[in-house]
Amino acid sequence: MKPAPFDYVRPGSLEEALQALAGHPEAKVLAGGQSLVPLLSMRLAAPAVLVDINGLPDLDHVRADADGVRIGALARHAQVLRHPGVAQVQPLVALALANVAHATIRNRGTTVGSLVHADAAAEMPMVLRLLDGSVDVVGPEGRRTIAAPDLYVGPLESSLHHDEIAVEAHFPALAAHTGVAFEEIARRHGDYAMCGVAAVVTVDGDRVVSAKAGYLSVSDIPAVVDLTDALDGKISDASLARAADAALAVLDPETDIHATADYRAHLARVLTARVVTAAYDNAREEKA
Amino acid sequence: MSTEQIHEIRLNVNGVDHEAAVPARRLLSDALRHDLGLTGTHVGCEHGVCGACTVLVDGQPTRSCLMFAVSAVGSEITTVEGLARPDGELGPVQQAFRECHGLQCGFCTPGFLTTITAGIAENPDPTEEEARDMVAGNLCRCTGYQNIVKAVCRAAEIAREGGDAL
């Protein structure tokens with residue numbers, strides 16, 4: 001339960017950090033470390049070099065305005081959650097963050113780090129995909145923006161190059177006449193969820209104009225399913241059952257020590273109905 | 001392997017600067033215990049689940065097993081050894097644990113004490129529900145949580161009465 005030896009560098013500028021990464025193909029970026037350090041301790045990962053970016057300046061910002069929420073690479077989950085503008089501009093970010101591990105982990109873990117760790121059992125990658133957000137990365141070629149659908153390519157695998165550093169995430173603001181909801185079910189408070197669902201529903205009066213749901217822990221990569229057609233404009237037992245069918249056709253729950261595949265599928269079905277209904281109600285409140 | 005690089009670091013723990021020579025992979029929990037001899041911080045699961053190793057880093061509860069000692073340079077660290085009052089008497093959270101029988105074997109206790117110290121500083125009058133939420137990231141396997149939750153509320157009460165700067 002001790003990490004394998006590695007070389008450690010703590011650069012004082014982004015340029016130095018990029019140089020350190022460029023010089024070592026086996027290097028890994030360390031930010032909050034709340035996912036990385038356990039992987040190192042269990043020796044599931046053994047990078048030759050750790051580039052600790054905690055000393056980099058100007059990366060701990062959280063901004064919320066009409067354009068959405070922008071989160072710097074060194075902003076801790078707790079800091080994002082405390083920012084009063086975040087829940088106003090994009091409530092789903094705050095709803096999901098409150099479910100990220102425990103408060104103690106949120107004090108150190110970074111939201112951007114969680115996004116590029118690309119765990120399909122984690123809350124924030126799913127929310128980024130559901131909201132069509134993006135992550136800005138900086139590498140030797142300069143800065144580029146990776147849209148969420150292009151970010152997640154496999155289990156725990158993002159499309160970042162080894163010599164790039166994620167510097168900022170962007171979650172778009174909540175659209176008009178739109179509501180959101182989030183719920184997950186875990187064995188114990190703060191554990192990884194056996195299944196979690198978030199929904200974004202847009203209404204015109206009482207009619208559902210569009211509906212999407214995001215799923216965690218029931219697929220290899222963060223999953224988003226468009227439920228608009230299945231709902232056919234309305235919320236009813238029948239339409240919600242069709243929505244759950246549509247979702248389960250895409251999802252691929254697996255059995256592990258925490259839950260069977262069948263149980264996870266059951267949770268996905270129940271949570272789809274619950275969360276889509278809550279987002280619909282939320283959208284109608286928004287309107288009023 | 002034999003040429004593992006050693007870092008000369010200075011850690012500020014409980015207001016005192018300590019020098020240590022550690023490899024980069026030394027967890028903060030191990031540095032506190034082995035290099036500084038501060039064995040009050042306990043190591044349970046060593047992957048961030050149990051909360052026994054929780055210390056305060058710049059006032060915020062943090063898992064010391066999920067942080068490298070080299071990353072803690074420049075931060076102010078508080079361990080359970082730093083929770084007593086300046087006169088050596090028990091601090092409010094420690095006193096509340098004694099009064100409420102909040103510990104039995106005591107293994108998990110240092111993590112609870114640090115977590116609650118920061119928790120009641122942020123929320124000086126927690127409800128029972130908030131008290132439970134405050135300690136939700138810490139596991140206890142023998143005392144049970146009833147008395148620990150009582151101790152949270154009692155600690156807040158003692159701190160309020162004493163007007164303690166925690």
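Start by colouring chain B by domain: residues 6-80 make up domain 1 and residues 92-162 make up domain 2. Keep in mind as you click around that this is a predicted model.

**Stop 1: between the domains of chain B**

Put a centroid on the C-alpha atoms of each domain of chain B, and you'll find domain 1 and domain 2 separated by 22 Å. Now bring up the residues where they meet: 15 from domain 1 of chain B are in contact with 12 from domain 2 of chain B. Stay on the domain 1 side and pick out β3 (54-57) and β4 of chain B, the elements that give two or more residues to this surface. Which of the elements gives the most here? That's β3(B), with three residues. Colour this side of domain 1 of chain B by residue class and you get seven nonpolar residues, eight polar ones and no charged ones.

**Stop 2: where chain B meets chain A**

Next, show both chains and select the contact, which takes 23 residues from chain B and 24 residues from chain A. On the chain B side, go to strand β4 (residues 60-63), which gives the most, with four residues. The class colouring for the chain B side of this contact comes out as eight nonpolar, 11 polar and four charged.

**Stop 3: helix α1 of chain A**

Over to chain A: select residues 14-23, helix α1, and show the side chains of its buried residues, A17(A), A20(A) and L21(A). Look down the axis, and why they sit on the same side of α1(A) is easy to follow: they cover an arc of only 95 degrees around it. As a reminder, an α-helix has 3.6 residues a turn, so residues three or four places apart point the same way.

What do the buried residues of α1(A) pack against? Add β1 (7-9), β2 (27-30), β3 (49-52) and β10 (165-172) of chain A to the view, since those strands are the packing partners. Then flip to the face of α1(A) turned away from the buried side, where E15(A) and G23(A) are exposed.

**Stop 4: the largest nonpolar core**

Last stop: the largest nonpolar core, with 145 residues. Within it, go for A198(A), A199(A) and V276(A), which touch the most other members. Strand β12 of chain A (residues 193-204) supplies the largest share of this core, nine residues.

Finish by centring on A198(A). Setting aside neighbours within four places in sequence, its contacts include L92(A), A96(A), M126(A), V127(A) and L130(A). Also among the contacts of A198(A) are V180(A), A181(A) and F182(A), along with A213(A), G214(A) and V275(A).

Notes: Residues are numbered from 1 along each chain as its sequence is written. Chains are lettered from A and ligands numbered from 1 in the order in which they are written. This is a predicted model: local features need pLDDT of at least 70, side-chain atom pairs count only at pLDDT 80 or more; totals for chains, interfaces and linings use all residues. Two residues are in contact if their C-beta atoms, placed from the backbone, lie within 7 Å. Ala, Val, Leu, Ile, Met, Phe, Trp, Tyr, Cys and Pro count as nonpolar, Asp, Glu, Lys and Arg as charged, and the others, Gly among them, as polar. Domain bounds come from an automatic or database domain assignment. A residue is buried if 20 or more other C-beta atoms lie within 10 Å of its own, exposed if 12 or fewer, and partly exposed in between; C-beta atoms are placed from the backbone. The arc is that of the directions from the helix axis to the C-beta atoms. A nonpolar core is a set of buried Ala, Val, Leu, Ile, Met, Phe, Trp, Tyr and Cys residues joined through C-beta atoms within 7 Å.
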